[in-house]
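Here's a quick briefing to read with the model open beside you. Have a look at the fold, then work through the notes below.

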Amino acid sequence: MSSIYRSEEGKSCILEEYEAYVDQLGEGFTREYVETRFGQTHVLLTGPKDGKPLFILQGMNCVNPMTLSWFSSLFKDYRIIAPDTIGHPGYSEDTRISARFDSLAMWVTDLLDHYEIDQSAFIGPSFGGGIILRLATYIPDRIACSILVAPAGLIARSKMKVAQDFMLPIVTYRMTSSPNSLQKIADTVSCNCMKEVDKNIIGKIFKHVSLEQDMPKLTDREELANYTAPTLLLAGEKDIFFPGDKLIERARKIIPNVRTVKYDTGHYPSQDVLVQMNEEIKLFLQENY
């Protein structure tokens, strides 16, 4: 399979942005490569070495440290294990594996085994949440609890709306490099609140990466019959991809032990909403982990 990057120059550009973002996260990070059945995985680690493990799985078409920045208030209390998703921008193997079957769940299993972790808490926004749902169908007993932030894998995206409001502006931006086109995309996914640094990074990803189109398969109720771990689902009322009301309705039907919270935000939460989310997550982890 071919690389997700359109050129070596484009790959270098993305990795430069990755490093700059890690520097912004502050000191205390280490990194290592882990061999999995799907290839090398680059992992960022922080937090107390004797802390309870907390896997944070990155969102789609972004970089791992961008996702990590959303949950920085958790770094001091938990042993954070944050892998670059295989086949997504970052330092892991840069050829994709199918999101529709058990491959990504197997990949996470390899990481759990490497770190000799029987059970862990998991946080996953968007695509990362979809991976957690696949893990819940594959090895539910290894999830102590999970936090799903606007996750894929519960409801289908509106193809027409996403094509019109998201994909077409991306095509325009690739052809023109128009700052206005990039701003329109950023405003659409974040309700006009995306940080400048995040906007610039996703702009470079749109230009230099063949974007992931294959979402984790939709999870059925029967698949979660053996999944009983406490689950917190956080949704955005104005999410263009996974609207909060529909997401919550579906989650309550198929996830046995779920608590749901809806915020007045888009797919990318505002800074104010992130503060609220982190408080909710801290409380949830204290009660369930």
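**A buried histidine, two helices and the cavities**

In this predicted model, His88 sits in the loop that runs between β4 (79–83) and α3 (103–114). Start there, then move on to the helices and the empty space inside.

**His88**
- Is His88 buried or exposed? With a relative accessible area of just 2%, His88 is buried, since the cut-off for that is under 20%.
- Setting aside neighbours within four places in sequence, His88 is in contact with Ile4, Tyr5, Gln58, Gly59, Met60, Asn61, Phe127 and Glu212.

**Helix α3**
- The end C-alpha atoms of α3 lie 17 Å apart, which agrees with the 16 Å that its 12 residues should span at 1.5 Å a residue.
- α3 is largely enclosed by the rest of the structure, because nine of its 12 residues are buried.
- Those buried residues are Ser103, Leu104, Ala105, Trp107, Val108, Thr109, Asp110, Leu111 and Leu112.
- Their cover includes the strands β1 (30–36) and β2 (39–46), along with β3 (53–56), β4, β5 (120–125) and the helix α4 (127–138).
- After α3 comes Glu116, with a positive phi near 55°.

**Helix α1**
- α1 covers residues 8–25, 18 residues in total, and its first and last C-alpha atoms are 26 Å apart, close to the 26 Å expected at 1.5 Å a residue.
- Which residues of α1 are buried? They are Gly10, Cys13, Ile14, Leu15, Glu17, Tyr18, Tyr21, Val22 and Leu25.
- β1, β2, α2 (64–69) and α7 (196–208) are among the elements covering them.
- Gly26, just after α1, takes a positive phi of about 100°.

**Cavities**
- How many cavities of 30 Å³ or more are there? The count comes to four.
- The largest cavity has a volume of about 300 Å³. It is lined by 25 residues, and the closest to its centre are Met60, Ser126, Phe241, His267 and Tyr268.
- α2, α5 (159–176) and α7 each put at least two residues into the lining of the largest cavity.
- By class, that lining has 17 nonpolar, six polar and two charged residues.
- The second largest cavity comes in at about 60 Å³. Its lining is made up of Trp70, Cys193, Met194, Lys195, Asp198, Tyr268, Pro269, Gln271 and Leu274.
- Those residues split into six nonpolar, one polar and two charged.
- Tyr268 turns up in the lining of the largest cavity and in that of the second largest.

Note on methods
Residues are numbered from 1 along each chain as its sequence is written. This is a predicted model: local features need pLDDT of at least 70, side-chain atom pairs count only at pLDDT 80 or more; totals for chains, interfaces and linings use all residues. Side-chain values use heavy atoms; hydrogens and water are left out. Helices (H or I, at least four residues) and strands (E, at least two) are DSSP runs, numbered from the N terminus. Buried means under 20% relative accessible area, exposed over 50%, partly exposed in between (1.4 Å probe, protein chains only). Contact means heavy atoms within 4.5 Å. The expected span of a helix is 1.5 Å times one less than its number of residues. On a 1 Å grid over the protein atoms alone, a cavity is a set of points where a 1.4 Å probe fits but cannot get out, and a pocket is an open set with protein on both sides within 12 Å along at least five of seven lines; lining residues have an atom within 4 Å of a point. Grid points are joined across faces, edges and corners, and a volume is the space filled by probe spheres set on the points. Ala, Val, Leu, Ile, Met, Phe, Trp, Tyr, Cys and Pro count as nonpolar, Asp, Glu, Lys and Arg as charged, and the others, Gly among them, as polar.
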